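Open the model in your viewer and keep the selection tool at hand. We will go from stop to stop, and at each one you will hear what to select and what is there.

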Amino acid sequence: MSGGQETGQQRRNQGPLLRFSKMHGLGNDFMVIDAISQPFRLRPEMIRELADRNFGVGFDQLLVVEPPGLPDVDFRYRIFNADGSEVEQCGNGARCFAKFVRDQRLTNKKIIRVQTANGVIELRAVKDSMVMVNMGVPELNPAAIPFAAERRKDVYTVDVGTEPVELSAVSMGNPHAVIVVEDVDSAPVSELGSRLEYHPRFPSRANIGFLQIVSRNHVRLRVYERGSGETLACGSGACAAVVAGRLRGLLDDRVEVELPGGRLVIEWQGEGAPVMMEGPATSVFEGQLRLPGDSSGSRRRKPSRPNKQRI
Ligand SMILES: N[C@@H](CCC[C@H](N)C(=O)O)C(=O)O
């Protein structure tokens with residue numbers, strides 16, 4: 001390009017190099033950055049550019065490790081969707097977070113307490129690359145999810161313009177809708193997921209899970225994630241699906257959840273108990289880059305109504 005206008009590449013050639021790891025939990029993939037040793041500022045448009053699978057690193061979520069702001073907590077864990085929105089919870093990310101801080105020798109603890117935008121969660125390195133996460137007590141009160149309803153129910157009927165849809169609404173720190181289907185392979189995940197993500201009854205948008213019951217301790221699940229589209233796995237979505245299935249009387253307390261990217265084991269003893277999630281965390285590679293400039297070069301998923309953008 002001539003005429004004095006800066007290209008994305010030229011902007012990228014300025015500023016210090018930032019180290020990062022590329023990781024995934026069952027194919028739900030992350031860029032993970034240690035912001036303790038290398039503090040930095042990101043804007044939503046920069047995150048969108050980094051998330052771009054053709055022009056950037058490519059990921060479903062960006063995970064940032066920061067120093068804690070509370071006593072008796074080891075780290076602060078910040079999560080950004082590919083569309084640049086900051087969110088409260090990411091289950092697969094939490095397992096990768098635990099592996100990252102141990103691999104990078106930021107801690108050698110096996111039980112790691114982490115501050116999120118929705119409170120403190122506890123991560124336990126089990127063995128090899130397996131991590132167990134205490135995902136907290138699910139929130140079922142509609143106002144707190146948030147979901148517009150007059151009173152709490154296990155199943156709500158929601159008008160989407162065509163056939164009404166029956167769904168359960170659950171917060172695992174982040175909002176989820178769970179729809180029980182006959183067969184996840186033929187479920188209209190993108191079409192219905194994208195409509196329900198922005199449904200007015202979910203004022204902070206929502207993650208939309210499509211749940212097939214195989215038996216009382218085995219389900220199949222696909223999730224259309226808020227701010228990232230359909231992913232190969234969603235940890236908080238798996239927890240919400242088991243909670244919804246238990247509330248409907250369809251599942252036992254320990255369930256194997258089969259997602260397109262692999263399996264998680266989810267355990268929930270019932271109302272008032274926390275949901276426990278166990279699964280793998282995988283490192284793919286480490287790299288370094290210069291952050292993109294702050295004018296938008298993104299070609300991927302700009303939210304028309306972002307839920308939160310305080311970075
Ligand atoms: N992949 C995640 C959830 C990430 C956040 C989600 N898209 C949201 O906006 O709430 C998981 O494994 O839980």
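Start by selecting Glu225, which sits in strand 13 (residues 218–225). In this predicted model, Glu225 counts as buried because it has 28 C-beta neighbours inside 10 Å. Now add its contacts: apart from neighbours within four places in sequence, Glu225 is in contact with Asp60, Asn207, Thr231 and Cys234.

Glu225 also appears in a record. An unreviewed UniProt entry gives the feature "binding site" to a set of positions that includes Asn28, Gln61, Asn81, Glu225 and Arg226. Let us visit another residue from that set.

**Next stop: Gln61**

Select Gln61, in strand 3 (residues 61–66). Is Gln61 buried or exposed? It counts as buried, because 25 C-beta neighbours fall inside 10 Å. Setting aside residues up to four places away in sequence, Gln61 touches Phe30, Ile79, Phe80, Asn81, Ala82, Cys90, Gly93 and Ser228.

**Next stop: the ligand**

Show the ligand and the residues around it. Which of the 20 residues around the ligand come nearest? They are Asn92, Asn174, Arg226, Gly235 and Ser236. The UniProt "binding site" feature, from the unreviewed entry, lists these positions too: Asn92, Asn174, Arg226, Gly235 and Ser236.

Try colouring the shell by residue character: you should find 3 nonpolar, 14 polar and 3 charged residues. Then colour by secondary structure. Helix 3 (91–103) and helix 5 (235–247) each supply at least two residues of this shell, and the largest share, 3 residues, comes from helix 3.

Where does the ligand shell lie with respect to the domains? It lies between domain 1 (8–135 + 282–290) and domain 2 (142–273), because both give residues to it.

**Next stop: helix 3**

Select residues 91–103 to highlight helix 3. This helix has 13 residues and reaches 19 Å from its first C-alpha to its last, close to the 18 Å expected at 1.5 Å a residue. Helix 3 is largely enclosed by the rest of the structure, because 11 of its 13 residues are buried. Among the buried ones are Gly91, Asn92, Gly93 and Phe97.

Step just past the end of the helix to Arg105, in the loop between helix 3 and strand 6 (111–116). Arg105 has a positive phi of about 60° although it is not a glycine. Here the surroundings thin out: with 7 C-beta neighbours inside 10 Å, Arg105 counts as exposed.

**Next stop: helix 5**

Now select residues 235–247 for helix 5. Helix 5 has 13 residues and spans 19 Å from first C-alpha to last, close to the expected 18 Å. It is mostly covered, with 13 of its 13 residues buried. After the helix comes Gly249, whose phi is positive, near 75°.

Zoom in on Gly235, which lies in helix 5. Gly235 is buried, with 28 other C-beta atoms within 10 Å. Leaving out residues up to four places away in sequence, the residues it touches include Gly25, Cys90, Gly91, Asn92 and Met277. For a distance to draw, take Gly235 and Asn134: they are 101 residues apart in sequence and 12 Å apart in space, C-alpha to C-alpha.

**Next stop: two backbone details**

Select Leu26, in the loop between strand 1 (17–25) and strand 2 (28–34). Its phi is near 55°, a positive value in a residue other than glycine. Leu26 is buried, with 24 other C-beta atoms within 10 Å.

Then go to Pro146, in the loop between strand 8 (130–134) and strand 9 (156–158). The peptide bond from Ile145 to Pro146 is cis, with omega near -10°.

**Last stop: the whole protein**

Zoom out and give each domain its own colour: domain 1 (8–135 + 282–290) and domain 2 (142–273). Their C-alpha centres lie 24 Å apart. Across the boundary, 20 residues of domain 1 are in contact with 19 residues of domain 2. On the domain 1 side, the largest share of the touching residues, 3, comes from helix 3. That side divides into 6 nonpolar, 11 polar and 3 charged residues.

Over the full chain you can pick out 5 helices and 18 strands. Of the 311 residues, 44% count as buried. Among contacts with a separation of 6 or more, 69% link residues 24 or more positions apart.

Technical notes. Residues numbered from 1 in each chain as written. Predicted model: local features only at pLDDT ≥ 70, side-chain atom pairs only at ≥ 80, totals over all residues. Near = placed C-beta within 6 Å. Helix = DSSP H or I, 4+ residues; strand = E, 2+ residues; numbered from the N terminus. Nonpolar A, V, L, I, M, F, W, Y, C, P; charged D, E, K, R; others polar. Domains from an automatic or database assignment. UniProt positions renumbered as here; feature names shortened; annotations may be inferred. Buried ≥ 20, exposed ≤ 12 C-beta atoms within 10 Å, placed from the backbone. Contact = placed C-beta atoms within 7 Å. Expected span 1.5 Å × (residues − 1).
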